[in-house]
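This report covers one protein chain. It starts from a single residue and works outward to the sheet and the domains.

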Amino acid sequence: MDKIIVLDFGSQYSHLICRRIREFSVYAELVPFDISLEELKRLNPKGIVFSGGPASVYNKDSPQPSSKIFEMGLPVLGICYGHQIIVNNFGGKVKRANKEYGSSTLTIDNGSDLLAGMGKSTRAWMSHGDAAESLPAGFEVIGHTESSFAAAIANRQKLIYGIQFHPEVVHTEQGIQVLKNFVLNICKAKQDWTLENFVDSTVDEISKIEGNVLCGISGGVDSTVAAVLIQKAIGRRLKCVFVDNGLLRAGEEAEVKEIFEKNFGIDFVAINAGERFLSRLTGVVDPEQKRKIVGEEFVKVFTEFAEASGPFRWLAQGTLYPDVIESGISKGPAAVIKTHHNVGGLPSWLNLQVLEPLRFLYKDEVRRVGKILGVPDKILFRHPFPGPGLAVRIMGDVTREKLQICRQASRIVEEELQDAGLYDKVWQAFATVGDDRAVGVVGDERKYGHVALVRIVDSIDAMTADWTRLPNDVLERISNRITNEVEDVAWVGYVISSKPPATIEPQ
Ligand code: XMP
């Protein structure tokens with residue numbers, strides 16, 4: 001498979017470069033900027049992209065790639081900071097300049113290769129404080145904006161290109177065209193990265209492993225898709241376990257069980273451990289303490305199961321590509337099958353190796369793989385749910401009464417959003433409950449009931465979130481149904497705090 005390697009200099013858009021390239025079926029991988037030359041050679045890329053980044057190339061400690069990279073004879077495209085690295089490396093000058101931020105008109109001076117097919121001018125997204133002041137020998141300007149005379153440069157002999165703008169963001173009108181020109185025409189990479197190929201090659205690779213695989217299932221997208229993929233490769237040598245910790249959404253276990261057993265014939269065990277978790281959580285109000293208890297108890301239940309039903313050789317996890325990069329363990333070529341010991345707090349004597357079939361994929365790619373494998377949309381498009389479950393959705397101590405309220409009210413929120421066609425448009429939607437009480441009147445009777453708070457947010461990656469401006473009639477239906485149908489709720493509130501400063505979950 002042909003691949004493009006993106007060196008990460010710390011731009012918030014680095015991942016986006018990979019994603020855009022993958023969108024036109026060429027495999028792209030993000031690696032740290034200081035990857036060694038040997039490692040890079042081993043990856044055998046068709047071309048290299050330098051991402052943007054927050055540093056200034058003229059500062060002593062600025063991140064720099066190995067200068068030998070330019071001697072590999074591979075095409076290089078520098079974006080923003082990456083562009084400045086190229087200018088600096090070949091003897092041009094980069095200086096602090098007037099900040100250019102937002103959309104600019106890029107005039108194309110030479111549209112013969114990198115900027116081919118883009119007409120005379122186009123809108124391009126800029127975000128930089130430094131700029132090239134003079135160009136190195138051998139480079140020519142192929143595009144400029146009003147404030148950047150060298151917004152796009154080329155050294156055709158060496159196939160080295162630099163652009164000050166960001167082709168990976170949607171605000172750059174023909175950004176994809178620039179990336180395609182580089183990847184397909186200059187690097188001559190083949191478009192052979194498809195998720196159908198990924199499924200075939202991953203199933204093939206996993207089918208070679210020996211021993212049994214244990215997989216913890218949460219009902220979420222990632223662990224489900226990972227399990228279905230593994231099952232396709234090794235059938236009943238995969239055993240899936242679902243721990244009901246008593247802190248799940250309404251109907252979760254039944255749904256997951258049906259899909260695993262009926263749709264896929266996966267060897268599946270559900271462990272009802274609710275009592276164990278709830279008794280340890282009694283009287284605990286501190287959120288971090290709750291998280292710790294749920295985590296510890298999970299490891300205990302899981303370990304007991306692994307001991308009793310083993311031996312297992314492998315532990316499957318639904319780790320995704322951004323997690324791999326963030327945890328800094330992706331130095332070089334991440335193999336689908338990685339071997340670690342003592343993962344996730346599990347005791348080392350279980351001797352499990354880790355199987356992470358999704359470690360190359362982004363979330364949207366996981367959903368598409370799920371589609372190829374026939375995983376129902378109900379799972380693929382389900383909102384994220386925290387590992388510690390309702391323990392962090394309930395404020396104060398976790399009681400059966402509050403769990404019941406939280407579950408029923410959340411189900412109403414989900415149903416009403418589904419009915420209004422809004423469920424897939426929001427990031428998360430649920431109800432939370434704490435210890436506050438308020439007075440309501442039922443018939444002629446005053447009742448001193450709970451206050452349920454409805455939380456619905458829009459977000460792209462959960463790092464930031466905005467409260468959803470829901471139509472009033474939907475809010476009204478949610479409120480009416482919760483007070484009518486959920487016992488012991490007198491008031492319903494809608495949370496209008498965004499993240500930051502608030503968080504999505506109440507705890
Ligand atoms: P916050 O509340 O920090 O949540 O804005 C951001 C995203 O993370 C989820 N979340 C968790 N997920 N364990 C998890 O697996 C946790 O302890 C946890 N806390 C929050 C939350 O649902 C949201 O999607």
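In this predicted model, Thr303 counts as buried because its relative accessibility is 8%, and buried means under 20%. Thr303 sits in helix α9, which spans residues 287-309. Which residues does Thr303 contact, leaving aside neighbours within four places in sequence? They are Leu346, Pro347, Trp349 and Leu350.

Helix α9 also leads to the sheet. The helix lies across β10, β11, β12 and β13. Against β11 (238-244), α9 runs at about 145 degrees.

The sheet itself is open and has five strands. Their order is β12-β11-β10-β13-β14, with parallel pairing. β12 (267-272) and β14 (353-355) are the edge strands, and each pairs on one side only. On average, neighbouring strands of this sheet are turned by 30 degrees against each other, direction ignored.

One pairing can be followed in detail. Strand β10 (residues 213-217) and strand β13 (residues 314-316) run parallel and are joined by three bridges. Val213 has Trp314 as its bridge partner in β13.

Now the chain as a whole. The domain assignment gives these parts:

| Domain | Residues |
|---|---|
| domain 1 | residues 3-186 |
| domain 2 | residues 195-380 |
| domain 3 | residues 399-494 |

How many Å separate the centres of domain 1 and domain 3? Taken over C-alpha atoms, the separation is 48 Å.

To recap, Thr303 is a buried residue of helix α9, and α9 lies across four strands named above, among them β10 and β13.

Notes
Residues are numbered from 1 along each chain as its sequence is written. This is a predicted model: local features need pLDDT of at least 70, side-chain atom pairs count only at pLDDT 80 or more; totals for chains, interfaces and linings use all residues. Side-chain values use heavy atoms; hydrogens and water are left out. Helices (H or I, at least four residues) and strands (E, at least two) are DSSP runs, numbered from the N terminus. Buried means under 20% relative accessible area, exposed over 50%, partly exposed in between (1.4 Å probe, protein chains only). Contact means heavy atoms within 4.5 Å. Domain bounds come from an automatic or database domain assignment. Two strands pair if DSSP finds at least two bridges between them. Axes are lines fitted to C-alpha atoms, for helices over the stretch in contact, and angles run from 0 to 180 degrees between N-to-C directions.
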